[in-house]
Structure formats: C-alpha cells, structure tokens
Amino acid sequence: MTTVTTASRRQGRGGRERILAAAAGLFAAQGINATGMEQIAERAPVSKRTLYAHFRTKDELVLAHLKDLAETGRTLEGALARKDIPPRERILMLFDPPPAGTDPVRGCPFIDAAVEFPDPQNAVHSYARERKLLMVRLVADLVAELGCREPSVLAEQLVTLADGAASRAMVLGDSNYGRHARTAAEILLDNGLPTTI
C-alpha cells in the first residue's frame, strides 16, 4: 500500500510543467481553439482532475502558457532582453529563423493568441497586447541607446516589420522568411541612426 502511494505521488510531481509543455506543443501544432483540455490532459499525462486543479479554465491555461513563453524567453522579445549581445544585433535577431527542428512554423504566439481571442477585454487578448507593447518599448530603448533621433517611430517600424515577417513565415511555412525583413530592418536602422565619423 505504501509503495502504491509513493509511486502515485512521484507520478504527480511536475504536473503543472507537464501540462504547460503539452499545451505548448498542441497549441503550436493545431492552434489554441482546436485543442481540447482532454487532449492536453492525455498528452501531459495527467488526470482531468489534476489539470483542472492547476488551471480552472482553458483561458487560465492559455494565459499561463503565454506567460511561460515570455518568462523563459521563447518569444521574439526574448532576444531583446539579452545583455550579452550589442543592441543593434539584438534588434536584428528579431528576424532570425527559429532554432533548427522547430516545427511547425507558428509566427508570434501573442499574435496567434490575440487572433484566437479577439475580444479586447479578454485576459488572453489583453496579455498579448501588453507583450506587443513591451516589445516596442524594448526596441525603442535599444535604438535610443544607439542614438536614434526618433526612437519610438523607428521602434514601431521595426516591430511592425518583425511581426509581419513572423506572420508571413507562419502562413507560408517558411521558417527563414525573416531574411527578407532583416534586409529592410538594416536599411531602417542605417537611416534612423546617426552616422559615425
């Protein structure tokens, strides 16, 4: 009897992390709305009771998933926060292809979530909007650090380009689509930053 209890406790450890990992894989593969809670529980693997003990609703799970992506730096904004890379290179990393083996090409998870939760009052949509606004602030800080005369304007241009490239990469299934936008981003940076003598 003690052995069974110990084994079941071991199996239950890390349930939240397994649920988030399962949700991330399924959301990327088939979209948020097309993924059911039962599927996530099965993939985790956890009981539905355990799933709902961690996340009372699917919206709550989606929000936790997006926050997990943001906190672990697995989004476009993740590159912008790195201190080990010069500011210009951090900006240009927005246009780099995802790591090898990342499949399918999904674009920006925050844009994807906002599309699937179109009500601006919904918590998922609100969080996606917050992340996109943070992205433009991070880029504005970086271009200001580089000496840009109008950092907010240049930042809006660059993030619009990055989001557009990520969306087109997803639609076209081309993980390296950002190469086209990177060239345009380099031109925007060259034109928006002071020339050094």
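Trainee: Leaving aside its neighbours within four places in sequence, which residues is Lys132 in contact with?

Mentor: A good place to start! In this predicted model, Lys132 is in contact with Glu77, Cys108, Phe110, Ile111 and Asp163, once neighbours within four places in sequence are set aside. Lys132 itself sits in helix 9.

Trainee: Why is Lys132 called buried?

Mentor: Set the value against the cut-off. Buried means under 20% relative accessible area. Lys132 has a relative accessible area of 18%, so it counts as buried.

Trainee: What makes the pair Lys132 and Asp163 a polar contact?

Mentor: The side chains of Lys132 and Asp163 are joined at 2.8 Å. A polar contact needs N or O atoms within 3.5 Å, and 2.8 Å is within that limit, so the pair fits on distance.

Trainee: What can you tell me about the ends of helix 9?

Mentor: At the N-terminal end, Asn122 acts as a cap, with a side-chain oxygen 2.7 Å from the backbone nitrogen of Val124. Just after helix 9, Gly147 takes a positive phi of about 95°. As for length, helix 9 has 23 residues and reaches 33 Å from its first C-alpha to its last, close to the 33 Å expected at 1.5 Å a residue.

Trainee: How do you know that the span of helix 5 agrees with what is expected?

Mentor: Helix 5 covers residues 58-71, which is 14 residues. At 1.5 Å a residue they should span 20 Å, and the end C-alpha atoms are 20 Å apart, so the two agree. Just after helix 5, Gly73 takes a positive phi of about 75°.

Trainee: Which residues of helix 5 are buried, and what covers them?

Mentor: Leu61, Val62, Leu63, Ala64, His65, Leu66, Leu69 and Ala70 are buried. Their cover includes helix 2, helix 3, helix 4, helix 8 and helix 9.

Trainee: Why does Leu63 count as buried?

Mentor: The relative accessible area of Leu63 is 19%, and the cut-off is under 20%, so Leu63 is buried. Beyond its neighbours within four places in sequence, Leu63 is in contact with Ala123, Val124 and Tyr127. Leu63 and Ala128 are 65 residues apart in sequence, while their C-alpha atoms are 9.0 Å apart in space.

Trainee: What makes helix 2 roughly perpendicular to helix 5?

Mentor: Two packed helices are described by the angle between their axes and the distance between the axes. The axes of helix 2 and helix 5 come within 10 Å and cross at roughly 90°. Angles of 65 to 115 degrees count as roughly perpendicular, so helix 2 is roughly perpendicular to helix 5. From helix 2, the contact is made by Arg16, Ile19, Leu20, Ala23, Ala24 and Phe27; from helix 5, by Lys58, Leu61, Val62, Ala64, His65 and Asp68. By class, that contact has 8 nonpolar, 1 polar and 3 charged residues.

Trainee: Which peptide bond is cis, and where is Pro45?

Mentor: The bond joining Ala44 and Pro45 is cis, with omega of about -25°. Pro45 lies in the loop between helix 3 and helix 4.

Trainee: And the whole chain: how many helices and strands are there?

Mentor: There are 11 helices and 0 strands. The C-alpha trace spans about 80 × 35 × 30 Å along its principal axes. Of the 197 residues, 39% count as buried. Among contacts with a separation of 6 or more, 65% are between residues 24 or more positions apart.

Conventions. Residues numbered from 1 in each chain as written. Predicted model: local features only at pLDDT ≥ 70, side-chain atom pairs only at ≥ 80, totals over all residues. Heavy atoms only, no water. Helix = DSSP H or I, 4+ residues; strand = E, 2+ residues; numbered from the N terminus. Expected span 1.5 Å × (residues − 1). Buried < 20%, exposed > 50% of the residue type's maximum accessible area, 1.4 Å probe, protein only. Contact = heavy atoms within 4.5 Å. Polar contact = N/O pair within 3.5 Å; in protein donor to acceptor, adjacent residues only side chain to side chain. Axes fitted to C-alpha atoms, helices over the stretch in contact; angles between N-to-C directions. Parallel < 35°, antiparallel > 145°, perpendicular 65-115°, else oblique. Nonpolar A, V, L, I, M, F, W, Y, C, P; charged D, E, K, R; others polar.
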